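Trainee: Hey, I've got this structure open and I'm new to it. Can you walk me through it?
Mentor: Sure, let's pull it up.

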Amino acid sequence: MTGISADLLTASQRRAYDATDQRLLILGGPGTGKTTVALLIARRILEDEPNRSTRRVLFLTFSRSATAELTRRAPQILSGDLGRRIEVSTFHSFAVTMLNAFRRFDGGPIAPVVIRTREQEKLGLAPAGAMTFDEVIPRTLDLLRSADWLRQELRDRYAAVICDEYQDTGQPAADFIEELAVGPRLICLADPDQVIFDFTDDTITRRVLDYQASGAVEYDLGYDSRRDPSNVIPRAAAGIRRREFGDPAIEEACRGRRLRVLKYGPADEPFDVLVQEIRAALVAGAGDVGVFLATNRSVNDFAERLRAENID
């Protein structure tokens, strides 16, 4: 993202950037620039605001690692007075901030939110009044729906709401952004080929289709990846998704040492195997390593493991 500007966008990216639709869906594979386009759109929206406007753009992600990556890779977009009005936050961090700031005015407790861990829950050691990670967004949604004044306050505060990885949004989070985006523009970024299944929420499999049916206008950036100009990995990934393991792209990826198949035994811990492979790849000179996992919780758990291992 470093040095990116609207003048450097591709034709497909430019069409999405120039769009003025109230509900926008930007589709694309990894490395196609969805996030870059969305941040540039956010900045342009703020540039078009009246001179004395204090409205902001809210950019919601699912993990702290994603928010850290955004701020690291797009400092020029997020700089200056306009850049500081682009709020980048995880869903849960934003929701906790809202509960801490406003639930006391709607009959809720004054004390700050305390999150109950799975370990505390199993051992019966959770503090009184603590809530689980999964309860945070539904509780915030309940607060929004019960307090018209708060809902209006937030709608007046934001000119647009942007949701990253929309294909993985659970029903409470989807309802949450719909409540926020009555009035503000809603811009959702998605890659339908990278759904991180949450088997407790069967709505995830149809999230993008439902958003399209709601009237969102679609802009597809395709699969041309800046991360892999050869397009070997995106083509191999497409073959794997189709379970066409004889696809020439998969053979090409293996021959070029771009793809390896690892096996581990029943006594092995998968995260240990992944950490070992990532460390070996970094020592060998790899710049970026992509890891795809099956559920939202496993993504968050593995991100915590990488932080514990001091792997950026």
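Mentor: One term before we start: a residue is called buried if its relative accessible area is under 20%. Also keep in mind that this is a predicted model.

Trainee: OK, let's use that term. How many residues of β3 are buried?
Mentor: 4 of the 5 residues of β3 are buried, so β3 is largely enclosed by the rest of the structure.

Trainee: In what order do the strands of the open sheet come?
Mentor: The order is β3-β2-β6-β7-β1-β8, which makes 6 strands, and the pairing is parallel.

Trainee: Which strands stand at the edges?
Mentor: Those are β3, residues 86-90, and β8, residues 217-220. Each has a single partner strand, so one side of each is left without a neighbour in the sheet.

Trainee: And how much are neighbouring strands turned against each other?
Mentor: On average by 20°, ignoring direction.

Trainee: Back to β3. Over how many bridges does it pair with β2?
Mentor: Over 5 bridges, in the parallel sense, with β2 covering residues 56-61. For example, Phe59 has Val88 of β3 as its bridge partner, and Leu60 has Ser89 of β3.

Trainee: Which way do side chains point along a strand?
Mentor: In a regular strand they alternate between the two faces of the sheet.

Trainee: What about helices here, which strands does α5 lie across?
Mentor: Helix α5, residues 91-102, lies across β2, β3 and β6, the last of these being residues 158-163. The helix runs at about 100° to β3.

Trainee: I clicked on Thr61. Is that one buried or exposed?
Mentor: Thr61 is buried, because its relative accessible area is 0%. You'll find Thr61 in strand β2.

Trainee: What is Thr61 in contact with?
Mentor: Not counting neighbours within four places in sequence, Thr61 contacts Ala66, Thr67, Leu70, Ser89, Thr90, Phe91 and Asp164. Ser89 came up a moment ago as the bridge partner of Leu60.

Trainee: There's another threonine, Thr132. Where is that found?
Mentor: Thr132 is in strand β5, which covers residues 131-132. With 13% relative accessibility, Thr132 counts as buried. Its contacts, again leaving out neighbours within four places in sequence, are Ile115, Arg116 and Glu121.

Trainee: New topic: α11. Which of its residues are buried?
Mentor: Helix α11 spans residues 232-241, and its buried residues are Val232, Pro234, Ala236, Ala238 and Gly239.

Trainee: What do they pack against?
Mentor: Against α12, residues 248-255.

Trainee: How do the axes of α11 and α12 cross?
Mentor: They come within 8 Å and cross at roughly 130°. The two helices are therefore oblique to each other. On the α11 side the contact is made by Val232, Arg235, Ala236, Gly239 and Ile240, and on the α12 side by Ala249, Ile250, Glu252 and Ala253. By class, that contact of α11 with α12 has 6 nonpolar, 1 polar and 2 charged residues.

Trainee: Is that crossing left-handed or right-handed?
Mentor: α11 passes α12 in a left-handed crossing.

Trainee: What about α13 and α14?
Mentor: Helix α13 is residues 270-283 and helix α14 is residues 296-308; their axes come within 11 Å and cross at roughly 50°. That makes α13 oblique to α14. Phe271, Asp272, Leu274, Val275 and Ile278 of α13 make the contact with Ser298, Asp301, Phe302, Arg305 and Leu306 of α14. The residues of this contact divide into 6 nonpolar, 1 polar and 3 charged. As for handedness, α13 passes α14 in a right-handed crossing.

Trainee: Last thing, backbone angles. What sign does phi usually have?
Mentor: Most residues other than glycine have a negative phi.

Trainee: Which residues here have a positive value?
Mentor: Among them are Arg243, just after α11, with a phi of about 60°, and Glu165, with a phi near 50°. Asn310 is one of them too, with a phi near 60°.

Trainee: Where are Glu165 and Asn310?
Mentor: Glu165 is in the loop between β6 and α9, the latter being residues 171-180, while Asn310 is in the segment after α14.

Trainee: And how accessible are those two?
Mentor: Glu165 is partly exposed, with a relative accessible area of 33%. Asn310 is exposed, with a relative accessible area of 72%.

Definitions and conventions: Residues are numbered from 1 along each chain as its sequence is written. This is a predicted model: local features need pLDDT of at least 70, side-chain atom pairs count only at pLDDT 80 or more; totals for chains, interfaces and linings use all residues. Side-chain values use heavy atoms; hydrogens and water are left out. Buried means under 20% relative accessible area, exposed over 50%, partly exposed in between (1.4 Å probe, protein chains only). Contact means heavy atoms within 4.5 Å. Two strands pair if DSSP finds at least two bridges between them. Axes are lines fitted to C-alpha atoms, for helices over the stretch in contact, and angles run from 0 to 180 degrees between N-to-C directions. Angles under 35 degrees count as roughly parallel, over 145 as roughly antiparallel, 65 to 115 as roughly perpendicular and the rest as oblique. A crossing is left-handed if the near helix is turned anticlockwise from the far one by less than a right angle, and right-handed if clockwise. Ala, Val, Leu, Ile, Met, Phe, Trp, Tyr, Cys and Pro count as nonpolar, Asp, Glu, Lys and Arg as charged, and the others, Gly among them, as polar.
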